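This report describes the fold and selected local features of one protein chain. Please consult the sequence and the structure while reading.

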Amino acid sequence: MVTTEVKPRRSGFATFLLVICAIALVAAALIRLLGIDGTRYMIAATSLTPYIAVAGLLIGLGALFRRRWAVGLTMTLVAVVLVANVAPRAFPDSRPNGVGQQVRLMTANLLTGIADAEFIVKEVKARGVDILTMQELTPDMVRDLDRAGLDQVLPSRVFLAEPGGSGSGIASKFPLARRNLTPPSTLQQAAALVDLPGKDIEVVSVHPLPPVVPEGPEAWQRELAGLPSPDSTGAIRVLAGDFNATLDHVGITRLLNKGYVDAADQAGKGLIHTWPGNSGVWPPPVTIDHVLVDSKCPVDTVDVFDVPGSDHRAVVTQFVVPRL
């Protein structure tokens with residue numbers, strides 16, 4: 001008796017979909033790995049790199065299971081490369097030795113001044129915050145913060161409060177002196193020298209224009225490029241705020257290559273989302289609020305939490321300013 005093996009029929013439509021997915025994955029990977037900003041749509045896609053990596057890996061493995069060898073192997077290998085770039089953010093790096101002044105810094109986007117001022121001041125007190133950087137700081141919000149007692153716990157300030165979403169500010173328990181550390185930008189980016197016991201630091205409240213505005217990403221690219229590099233001979237610098245960029249965007253990658261480290265990445269919390277706050281599944285949550293510290297500063301802790309009334313989550317980090 002002769003038997004013949006009947007091969008299962010392959011769906012041409014399923015193969016077509018897998019090929020489309022593979023092309024999209026390879027394109028997204030090239031944009032990310034080659035550091036290409038491109039259009040605002042390409043920039044938005046780059047912010048989804050962690051999701052793309054996981055989805056590509058799952059689809060690639062599924063394709064291999066269904067014996068679509070070429071497509072499955074291509075997707076799996078490309079996805080593994082992306083995962084290798086993203087996964088380390090979920091694991092803490094070894095903390096370098098460093099002795100000096102401990103600083104606890106909090107950054108919060110106040111959503112055109114409608115965030116809950118009392119909650120912010122309560123968290124500043126409860127968490128022992130030394131320096132607070134704020135974006136979208138309005139004159140009304142300044143009054144609300146002072147009524148809630150911010151001026152009593154962080155009396156020094158460099159505030160560039162404006163109506164709408166363009167204001168910015170820094171409040172501190174240590175004396176502040178205003179600095180101009182960035183070129184003129186669409187949104188205010190307050191900067192100050194913080195007079196710490198021992199080595200001083202310079203802090204910038206970062207807020208470049210979002211890249212997805214109809215005018216295009218040129219202002220976002222220019223303003224990220226205008227952020228100051230670490231100063232090897234002067235004050236240690238810290239960039240804290242709403243970068244409107246993830247660690248996968250070339251603007252932040254360049255800053256890290258110049259000598260900054262992302263505090264959340266160092267603490268193993270680099271994949272915790274900061275926007276939108278109280279998020280569901282759409283828009284996909286992403287990490288666009290950061291604290292970048294000079295690589296000479298050991299990072300101890302990072303915490304991310306919701307702020308009532310704001311569409312961003314706040315970030316609090318504790319780091320050490322070494323005695324140099």
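How many disulfides does the structure hold? The model, which is a predicted one, holds zero disulfides. Two cysteines may be contrasted in their surroundings. Cys21 is partly exposed because its relative accessibility is 30%, between the limits of 20% and 50%. Cys297 has a relative accessible area of 2% and is therefore buried, the limit being under 20%.

**The first sheet**

One open sheet consists of six strands in the order E3-E4-E2-E1-E12-E11, and its pairing is mixed. Strand E3 (156–160) and strand E11 (299–306) form the edges, each pairing on one side only. From one strand to the next, the twist averages 15°.

Within this sheet, E11 pairs with strand E12 (residues 313–322) in the antiparallel sense, over seven bridges. Val299 has Phe319 in E12 as its bridge partner. E12 also runs antiparallel to E1, to which it is joined by eight bridges; here Gln101 stands opposite Val321 of E12. The pairing of E1 with E2, by contrast, is parallel and comprises five bridges. Leu105 stands opposite Ile131 in E2. The connection between E1 and E2 passes through H5, and this β-α-β crossover is right-handed.

Helix H5 (residues 117–126) lies across three strands, namely strand E1 (100–109), strand E2 (131–135) and E11. Its direction is at about 155° to that of E11.

**The second sheet**

A further open sheet of six strands has the order E5-E6-E7-E8-E10-E9, again with mixed pairing. Why is one side of strand E5 (176–178) and of strand E9 (260–262) left without a neighbour in the sheet? Both strands stand at the edges and each has a single partner strand, so one side of each remains unpaired. The twist in this sheet averages 25° from one strand to the next.

E9 and strand E10 (residues 289–294) run antiparallel and are joined by three bridges. Val261 has Val293 in E10 as its bridge partner. Helix H9 (residues 250–258) lies across strand E8 (236–242), E9 and E10, and runs at about 125° to E9.

**Nonpolar cores**

In soluble globular proteins, nonpolar side chains tend to be buried together. Which residues touch the most other members of the largest nonpolar core? They are Ile201 and Phe319, in a core of 29 residues. When residues up to four places away in sequence are not counted, Ile201 touches Ile131, Ala192, Leu193, Val194, Leu196, Ala235, Ile236, Val238, Phe319 and Val321. A second, separate core has 25 residues, among them Met106, Leu110, Ala115 and Ala171.

Several names in this contact list recur in the strand pairing. Phe319 is the bridge partner of Val299, Val321 stands opposite Gln101, and Ile131 stands opposite Leu105.

**Loop residues**

Asp130 is located in the loop between H5 and E2. Is this residue buried or exposed? Asp130 has a relative accessible area of 9%, which means that it counts as buried, the limit being under 20%. Leaving aside neighbours within four places in sequence, Asp130 is in contact with Gln102, Val103, Arg104, Leu154, Ala171, Ser172, Lys173 and Phe174. Of these contacts, Ala171 is also included in the second core.

Most residues other than glycine have a negative phi, and most peptide bonds are trans. Two residues in the table below have a positive phi.

| Residue | Phi | Loop | Relative accessibility |
|---|---|---|---|
| Thr112 | near 50° | between E1 and H5 | 36%, partly exposed |
| Glu136 | about 60° | between E2 and helix H6 (139–147) | 12%, buried |

Neither Thr112 nor Glu136 is a glycine. Thr112 belongs to the loop that leads from E1 to H5, on the path of the right-handed crossover. Glu136 lies in the loop that comes after E2 and before H6.

A cis peptide bond is present from Trp275 to Pro276, with omega near -10°. Pro276 lies in the loop between helix H10 (263–266) and E10. E10 is the strand that joins E9 through three bridges in the second sheet.

Conventions: Residues numbered from 1 in each chain as written. Predicted model: local features only at pLDDT ≥ 70, side-chain atom pairs only at ≥ 80, totals over all residues. Heavy atoms only, no water. Disulfide = S-S within 2.5 Å. Buried < 20%, exposed > 50% of the residue type's maximum accessible area, 1.4 Å probe, protein only. Core = buried A, V, L, I, M, F, W, Y, C linked by side-chain atoms within 4.5 Å. Contact = heavy atoms within 4.5 Å. Pairing = 2+ DSSP bridges. Helix = DSSP H or I, 4+ residues; strand = E, 2+ residues; numbered from the N terminus. Axes fitted to C-alpha atoms, helices over the stretch in contact; angles between N-to-C directions. Right-handed = clockwise from strand over helix to strand, strands pointing away.
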